[in-house]
Structure formats: structure tokens, C-alpha cells
Amino acid sequence: MNIKVKTDKLKLWYGDKQALNGVSLDIYENKITAFIGPSGCGKSTYLRCLNRMNDLIGGVTIKGKVTLDGHDIYGVGVDEVAVRKKIGMVFQQPNPFPKSIYDNVAYAPLMHDMVKKGKECDALVERSLRDAGLWEEVKDKLNESGTTLSGGQQQRLCIARTIAVEPDVILMDEPTSALDPISTQVIENLMTKLKEKFTIIVVTHNMQQAARIADYTAFFHLGNLIEYSETEKIFVNPQEEKTEQYITGKFG
Ligand SMILES: Nc1ncnc2c1ncn2[C@@H]1O[C@H](COP(=O)(O)OP(=O)(O)OP(=O)(O)O)[C@@H](O)[C@H]1O
Ligand SMILES: [Mg+2]
């Protein structure tokens, strides 16, 4: 199995408050890896380190190493915009741009000069919307604003927008927690399809969700990675007492 993303003793401070205490983790290619753990344990912080989103927050200090395909994403001369193109992100609240459905998907590929306006771009928009499972619902209204869609559709639009730039890795921070059960199921099914093409890392508070879709699960607690292995092992036979306590609902 190929290691896609690797962190080595990753530490992070917000000001003088340490939020990650040295997290070493290998993420495998074309798998879904879930991060679970109680609120405030550092899941989002860790996720944001993987595409340098924490660079955008003032007063943050990061130590340790993050590699994508063996290349240090914090290395000298590495362009963080290029990193974010390779490692895309989908957020908890669907956040389409206040633009048309078409433009939501076309914007980044045009900006990165991946396609020319017109037929080539149209084809990419269609392909991305198809891959995000949204095409049939929006093909007749591509010029309507993305914000007119339902929450679940907006989230699939955000996924289409993310995959349009052909990333290697998709980070998802609680992507279904603002959605109803049906939309959640649609997104979960979509994720299991998308892992054929992409490496997916998802933060979730929903342990059933992790158990349903994730190949690997990592349990975080107080800025530490407590346990990481095949999902089934985490839920059926955890090795650490803290993991067992968390998954059986004793805290968190
Ligand atoms: N921008 C920030 N500035 C200062 N402290 C922060 C910031 N973001 C997060 N923290 C702190 O870092 C710690 C980890 O937060 P983080 O958001 O990563 O947790 P989380 O596991 O994603 O929690 P949740 O499940 O509630 O989303 C918390 O103590 C939090 O208060
Ligand atoms: Mg979070």
C-alpha cells in the first residue's frame, strides 16, 4: 500500500498554547481515513496542517514534517497555493461562492489555466458535477446561483468544485454534520466512489459514519494521536483504553 501523506512528529502551537503534541501518521493512497475524537482534541488543526491552511492563521507555529508523495509540503520554496491545489478541502458548512453553479466549478480550473473557456471548460464542469453525483439535478440550471441549491446539493457542489482541479487528496472536515440523513447517505456513497480516484481524509463526530465508510481510523485525544489502525480493529478490538472508552461513549 502506498503512503500518500505522511506526518512526522507534527507539533502546532496557537500562540503559546500547544494544540498538537507530535503526531506521526501515514495516510494510505485511495483509502478513506477517518479522524475521530472529542471536541477540541485537534482533529481540524491536524487536518489543516495537511494543506497549509493554518498558514492563514496568525501566531501559529508548526514543527515537524508533512510530506505528500515524499515531498515536504513546508519545504523551502514550496508554493502553498500549489499545495492546496493538490490537497483540496471540503468544510462542515457548504460554502459555495455566490456565483452560478457553473462558475463555482469552473473558477479554479480557469484560474490555474487547466482548461480554456468554452467547450473544454464545459466538459470539465460536466465531468466534475457527474463525479460529485450532482449533474442530473443541475444540468438544466447551470447559470443559477449555487446558493439556491439545498444544503446537500451545495455540499456536492463544493465537492465538484474541489475535484475539478484534480487534487490527489481531499480533506473533509465534518462534511455531513450540517446535512439531513438522506443527504448524508448520498455523500457517504459518493465518498466511497471517490476513493478510487482520490485519497480521502474525513473528520467526523459520527462514529457510525467512520465505521461505515473509513478503511482506517485515527483516534485523537488532547492533541495526541492515541490509536490508528484499520477501522474494524479500532471499533471491534481497540488496543488503548482511551479509545475503548471513547467509542463506547464513556466520554467525549
Ligand atoms: N484559530 C485558533 N486559535 C487559537 N486556538 C485554536 C484555534 N483553532 C483551534 N484552537 C484550539 O486548538 C485546540 C484544537 O482545536 P481543533 O479545532 O483542532 O479541535 P477539533 O478536534 O477539530 O474539535 P471539534 O470536534 O470541536 O471541531 C482547541 O483547544 C482549540 O481551542
Ligand atoms: Mg474541528
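**Reading a sheet, a helix and a ligand shell**

Modeller: An open sheet of four strands (DSSP runs of E, at least two residues, numbered from the N terminus) has the order 2-1-4-5, with antiparallel pairing. The edge strands, each paired on one side only, are strand 2 (17-28) and strand 5 (71-72). This is a predicted model, where local features need pLDDT of at least 70, side-chain atom pairs count only at pLDDT 80 or more, and totals for chains, interfaces and linings use all residues. Residues are numbered from 1 along each chain as its sequence is written, while chains are lettered from A and ligands numbered from 1 in the order in which they are written.

Colleague: How many bridges join strand 1 to strand 4?

Modeller: Two strands pair if DSSP finds at least two bridges between them. Here, eight bridges join strand 1 (residues 3-14) to strand 4 (residues 60-68). Trp13 stands opposite Thr61 in strand 4.

Colleague: Which residues are buried in helix 3?

Modeller: Helices are DSSP runs of H or I, at least four residues. Buried means 20 or more other C-beta atoms within 10 Å of a residue's own, with C-beta atoms placed from the backbone. In helix 3 (residues 101-111), the buried residues are Ile101, Asn104, Val105, Ala106 and Pro109. An α-helix has 3.6 residues a turn, so residues three or four places apart point the same way. Just after helix 3, Asp113 takes a positive phi of about 60°.

Colleague: Which helix gives the most to the shell around ligand 1?

Modeller: A residue counts as near a molecule if its C-beta atom, placed from the backbone, lies within 6 Å of it. Helix 1 (residues 43-49) gives the most, with three residues. The residues around ligand 1 include Tyr14, Lys43 and Ile57.

Definitions and conventions. Buried ≥ 20, exposed ≤ 12 C-beta atoms within 10 Å, placed from the backbone.
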